[in-house]
Amino acid sequence: VLETIGRRSTYFALLIENPMALSQFVKLVAATPWISNWIASHPIVLDELLDPVRLYAPLARDELRDELRARLAHIPAEDLELQMDILREFRHGHVLRVAAADIGPGLPPEQVGANLANLADATLAESLALAWRSLTEKHGRPCCPDGSEPGFAIIGYGKLGSLELGYASDLDIVFVYEGCPEGVTERGLPNEAFFARLGQRLIHIVTTRTPGGILYEIDMRLRPSG
């Protein structure tokens, strides 16, 4: 970890100037090699050590969504690259918080899985919101002939669906959209094509490797076709 963070003196300054953060850092890296590797891979999570109360208290799903939405609200709508980095920083930091609570106060395995699944739920929801905004700005909103707006859902299978997600789990998901005969967007794109592009856009946001890494690995090889 020290070899990694040594490339930026600000991380050393953070630990030197905050004895409580330093003590939490030592405690966590001593607990398990997995946490050491996580911090080394994502040193920005060291910011989470500044508040030990928050560090050991994973947020509920709605709280996660509210916090992530607030972070993204400050980013220009056209800056997708920065939005993707914020998504990754958010996930990395909150995974550390779950791990800290897991080894600190201690969490039952079902709570660990549920907390990690809630985090995936929140980040997927906001990733979908970004993809939806991008596609509707270009093609307009999908519509049915009766004037209604068809829906779209992400269905979690496997460990995500059962709220038993692990620290290294990928996400088994399928996309489901509401079909209607001859439905098109406000600018004439068939709804089927719109929703196919929406799914592709979402996968791009989640799986593209940025300086912050990837958000999640996604497995779409499910039946019925993802």
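The following paragraphs lead through a predicted model of a single chain, from its overall build to its core, its internal spaces and a few individual residues.

The chain contains ten helices and five strands. Along its principal axes, the C-alpha trace spans about 65 × 35 × 25 Å. Of the 226 residues, 44% count as buried. The accessible surface comes to about 11,700 Å², and carbon and sulfur atoms account for 54% of that area. Contacts between distant parts of the sequence are prominent in the count: among contacts with a separation of 6 or more, 72% join residues 24 or more positions apart.

The interior is a suitable place to begin. In soluble globular proteins, nonpolar side chains tend to be buried together. In this model, the largest nonpolar core has 60 residues, and those with the most contacts inside it are Leu28, Leu49, Leu96, Leu160, Leu171 and Leu198. Two or more residues of this core come from each of helix H2 (9-17), helix H3 (19-31), helix H4 (33-41), helix H6 (61-73), H7, H8, strand E3 and helix H10 (191-207). Helix H8 gives the largest share, twelve residues. Leu198 offers a local view of the packing: beyond residues up to four places away in sequence, Leu198 touches Leu128, Ala131, Trp132, Leu135 and Phe152.

The model also encloses empty space. Two cavities of 30 Å³ or more are present. The largest cavity holds about 50 Å³, and its lining consists of Arg91, Val95, Leu116, Leu119, Leu165, Gly166, Tyr167, Ser169 and Tyr216. Helices H7 and H8 each supply at least two of these lining residues. By class, the lining divides into six nonpolar, two polar and one charged.

The second largest cavity has a volume of about 40 Å³. Around it stand Pro58, Leu59, Leu64, His94, Arg97, Val98, Asn115 and Leu119. Here too, H7 and H8 are the elements that give two or more residues to the lining, and H7 gives the most, with three residues. Five of the lining residues are nonpolar, two are polar and one is charged.

Asn115, one of the residues lining this second cavity, deserves a closer look. Asn115 is found in helix H8 (residues 109-139). Is Asn115 buried or exposed? Its relative accessibility is 15%, under the 20% limit, and therefore Asn115 counts as buried. Apart from neighbours within four places in sequence, Asn115 is in contact with Pro58, Leu59, Val98 and Leu107. Among these partners, Pro58, Leu59 and Val98 also appear in the lining of the second largest cavity.

The largest pocket, in contrast to a cavity, is an open space. About 240 Å³ lies within this pocket. Its lining is formed by Arg8, Tyr11, Ser41, His42, Pro43, Ile44, Asp85, Glu89, His92, Pro211, Gly212 and Gly213. Helix H7 (residues 80-106) contributes the largest share, three residues. The lining comprises four nonpolar, five polar and three charged residues. Helix H7 thus recurs in this account: it contributes to the lining of the largest pocket, to that of the largest cavity and to that of the second largest cavity.

Strand E5 (residues 218-219) includes Ile218. With a relative accessible area of 17%, under the 20% limit, Ile218 is classed as buried. The C-alpha atoms of Ile218 and Thr207, eleven residues apart along the chain, are separated by 7.1 Å. Outside its neighbours within four places in sequence, Ile218 is in contact with Leu171, Ile173, Val206 and Thr207. Leu171 is also among the residues with the most contacts inside the largest nonpolar core.

Two residues are notable for their backbone geometry. Most residues other than glycine have a negative phi. Leu163, however, has a positive phi, near 60°. Leu163 is placed in the loop between helix H9 (158-161) and strand E3 (171-177). With a relative accessible area of 41%, Leu163 is partly exposed.

Glu182 likewise has a positive phi, of about 60°, although it is not a glycine. Glu182 lies in the loop between E3 and strand E4 (184-185). Is Glu182 buried or exposed? At 76% relative accessibility, above the 50% cut-off, Glu182 counts as exposed.

Notes:
Residues numbered from 1 in each chain as written. Predicted model: local features only at pLDDT ≥ 70, side-chain atom pairs only at ≥ 80, totals over all residues. Heavy atoms only, no water. 1 Å grid on protein atoms, 1.4 Å probe; cavity = no way out; pocket = protein on both sides within 12 Å on 5 of 7 lines; lining within 4 Å. Points joined across faces, edges and corners; volume = space filled by probe spheres on them. Helix = DSSP H or I, 4+ residues; strand = E, 2+ residues; numbered from the N terminus. Nonpolar A, V, L, I, M, F, W, Y, C, P; charged D, E, K, R; others polar. Buried < 20%, exposed > 50% of the residue type's maximum accessible area, 1.4 Å probe, protein only. Contact = heavy atoms within 4.5 Å. Core = buried A, V, L, I, M, F, W, Y, C linked by side-chain atoms within 4.5 Å. Areas by Shrake-Rupley, 256 points an atom, 1.4 Å probe, with all protein chains shown as cover.
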